[in-house]
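Welcome, and thanks for taking a look at this structure with us. Please have the sequence and the 3D view at hand as you read.

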Amino acid sequence: MWSFSEIANMIHTWLNDTFSPTLVTIIEMVIMGVLVISLFAVLGLILVIMERKVSAWMQIRLGPNRVGPKGIFQSAADTLKLLMKEAMTPNGADKFLFNFAPYLAIIVAMLLMAPIVFAKDFTMWDLNIGVLYVSAVSSLSVISILMAGWASNNKYSLLGAMRSGAQIVSYELSAGLAILTVVVLTGTLNLNEIILSQQNGWWIFKGHIPIIISFLIFIIAVTAETNRAPFDLAEAESELTAGFHTEYSGMKFALFFLAEYVNVFIVCAIGATLFLGGWMPFHIGNWEGFNHIMDYIPSSLWFFGKTFFLIFLIMWFRWTFPRLRIDQLLNLEWKYLLPISMVNLLIVTAMAILGWHF
Amino acid sequence: MFLVNYIKEIFGALKSLMVGMRRTLFYFTNHKQIITEQYPDNRATLKLADRFKGEVVMPHDENNEHRCTGCTACELACPNGTIKVVTKFDITPEGKKKKAIDKLVYHLELCTMCNLCITACPSDAIVMAQTFEHSVFDRNQLTKVLNKEGSKIMEGIE
């Protein structure tokens with residue numbers, strides 16, 4: 001059987017046999033870097049074309065259909081165009097911050113890739129505080145947005161960035177509390193161990209209604225955190241032209257765009273890991289035959305399937321719901337999501353202590 | 001009471017969101033609903049809505065006869081002078097003079113497709129056609145004479 005973990009182990013042993021340990025570490029780091037960058041590129045291409053097709057079909061349109069069969073190479077053509085374009089810097093802008101912000105956005109997205117478990121025993125960095133690391137680093141992305149908005153010397157950019165700051169800071173709370181419910185049940189912050197704890201059923205099935213509520217809260221909060229509609233006040237095309245990336249063009253704009261999509265992928269991957277069992281196959285109680293068939297599907301397919309299902313869900317939200325006003329946005333967080341998730345956390349804690357879950 | 005309203009609000013909101021999501025899922029899965037016309041490709045089979053207003057034309061029957069009496073109601077109704085009716089006087093067999101149109105000049109470049117001339121016409125002589133490929137290299141080609149060469153009014157239209 002070919003699996004990601006076996007290939008990784010093979011390469012690791014081969015490198016260890018051939019080179020000195022220091023060199024092996026350096027080579028493995030380079031390989032990891034190349035893999036992450038290529039994953040970024042592939043994810044960007046796939047998610048952009050997916051978004052355009054999903055949006056088109058939901059709005060009774062055809063979507064891109066000229067470049068390649070059914071338009072699947074449209075995003076590649078767009079990327080080529082963005083690479084060719086000049087990346088301008090406005091005269092009044094703070095040059096250093098303006099040019100640094102897109103790279104910060106992409107660096108944050110790259111850092112978040114580290115603890116994600118892509119397949120069985122296949123992760124870049126199996127650290128024991130994975131969940132904490134993810135929620136800590138993901139809040140850095142607001143800095144790149146504020147930096148871009150401030151450095152652009154443009155009132156729309158600044159307004160968009162400020163809105164985004166208020167939004168991300170407040171929604172971080174309920175996202176964190178929703179993540180905490182799973183941490184309370186598993187008793188670990190290690191993403192690998194959280195997945196292993198779902199061997200006999202995913203948390204969304206094992207955790208009864210409170211976990212379903214926290215899953216819903218998590219999805220709402222991460223939609224807001226990644227600045228996607230209906231919470232896309234930061235870029236609000238119809239009000240602020242494009243918010244914080246109004247002044248960006250060419251590849252610098254593309255980096256923001258890419259970072260947004262990769263962030264969507266990452267939060268969906270975290271959601272799939274915490275609530276839908278990561279790479280764990282779908283098992284039903286004692287149906288041995290069914291469970292064996294499910295085990296034959298590779299673990300990486302399970303992970304990417306669940307992640308893309310969640311991405312589709314978030315795209316579905318984007319193309320269905322109208323944008324919220326800023327006061328409605330903050331009302332939703334502070335008057336609804338936060339109290340509900342606090343009560344929910346209390347209930348889940350009681351459940352964990354009394355052992356009411358399966 | 002406050003708590004009941006609070007919970008009611010949450011469930012009401014969730015329900016209305018679900019209604020919207022069901023609608024978009026229906027469109028997402030039913031591609032037959034797609035209304036996009038791939039225009040230059042499907043020029044031969046292009047179907048336009050009945051209400052589409054492309055340009056004003058005057059239908060003629062097989063005897064080269066139209067229904068226009070030359071009453072100038074369309075010219076009066078037109079808000080920006082798009083239509084100009086040039087009248088002449090025909091001599092009827094009984095020797096009486098009768099008003100008829102010489103030319104009905106229509107400036108397509110001025111027309112806003114407001115449909116007022118068509119509603120104003122008492123004898124339904126002019127209608128909106130569904131053509132829309134109007135671009136030409138010379139502006140003069142957009143000034144059209146709607147009645148055909150040598151046409152005359154139909155019998156029984158007053």
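The report below visits the chain contact, two helix pairs, a sheet and the domains.

## Where the chains meet

Before we begin, please keep in mind that this is a predicted model. A good place to start is the contact between the two chains, to which chain B gives 12 residues and chain A gives 11 residues. On the side of chain B that touches chain A, seven residues are nonpolar and five are polar, with no charged residues.

## Helices α7 and α10 of chain A

Now turn to chain A and find helix α7, residues 155-186, and helix α10, residues 208-225. Their axes come within 8 Å and cross at roughly 155°. An angle over 145 degrees counts as roughly antiparallel, and therefore α7(A) and α10(A) are roughly antiparallel to each other. The crossing of α7(A) and α10(A) is left-handed.

Which residues in α7(A) meet α10(A)? Among them are Q167(A), I168(A), Y171(A), E172(A) and S174(A), followed by A175(A), A178(A), I179(A) and T181(A). From α10(A), the residues taking part include P210(A), I211(A), S214(A), I217(A) and F218(A), as well as A221(A), V222(A), A224(A) and E225(A). Sorted by class, the residues of the contact of α7(A) with α10(A) are 12 nonpolar, four polar and two charged.

## Helices α4 and α5 of chain A

Another helix pair in chain A joins helix α4, residues 95-113, with helix α5, residues 130-138. Here the axes come within 10 Å and cross at roughly 175°. With that angle, α4(A) and α5(A) are therefore roughly antiparallel to each other.

In this contact, V108(A), L111(A) and L112(A) are the residues of α4(A), and they meet V134(A), V137(A) and S138(A) in α5(A). By class, the residues of the contact of α4(A) with α5(A) are five nonpolar and one polar, with no charged residues.

## The sheet of chain B

Over in chain B, three strands form an open sheet, in the order β3-β4-β6, and the pairing is antiparallel. What are the edge strands? They are β3 (83-91) and β6 (143-145) of chain B, each of which pairs on one side only. On average, and with direction ignored, neighbouring strands of this sheet are turned by 25° against each other.

Let us walk across the sheet, starting from β3(B). Nine bridges join β3(B) to β4(B), and these two strands run antiparallel. To follow this pairing in the 3D view, look for V85(B), whose bridge partner in β4(B) is L104(B), and for K84(B), whose bridge partner in β4(B) is V105(B). The hairpin of β3(B) and β4(B) has five residues between the strands, and in this hairpin G95(B) takes a positive phi near 90°.

On the way to the other edge, strand β4 of chain B, residues 97-107, is joined to β6(B) by three bridges, and these strands also run antiparallel. H107(B) has T143(B) as its bridge partner in β6(B). V105(B), which is the bridge partner of K84(B), has V145(B) as its bridge partner in β6(B).

## The domains of chain B

How is chain B divided? Domain 1 covers residues 2-33, and domain 2 covers residues 52-152. The C-alpha centres of domain 1 and domain 2 of chain B lie 53 Å apart.

Terms used:
Residues numbered from 1 in each chain as written. Chains lettered and ligands numbered in written order. Predicted model: local features only at pLDDT ≥ 70, side-chain atom pairs only at ≥ 80, totals over all residues. Contact = placed C-beta atoms within 7 Å. Nonpolar A, V, L, I, M, F, W, Y, C, P; charged D, E, K, R; others polar. Axes fitted to C-alpha atoms, helices over the stretch in contact; angles between N-to-C directions. Helix = DSSP H or I, 4+ residues; strand = E, 2+ residues; numbered from the N terminus. Parallel < 35°, antiparallel > 145°, perpendicular 65-115°, else oblique. Left-handed = near helix turned anticlockwise from the far one by under 90°. Pairing = 2+ DSSP bridges. Domains from an automatic or database assignment.
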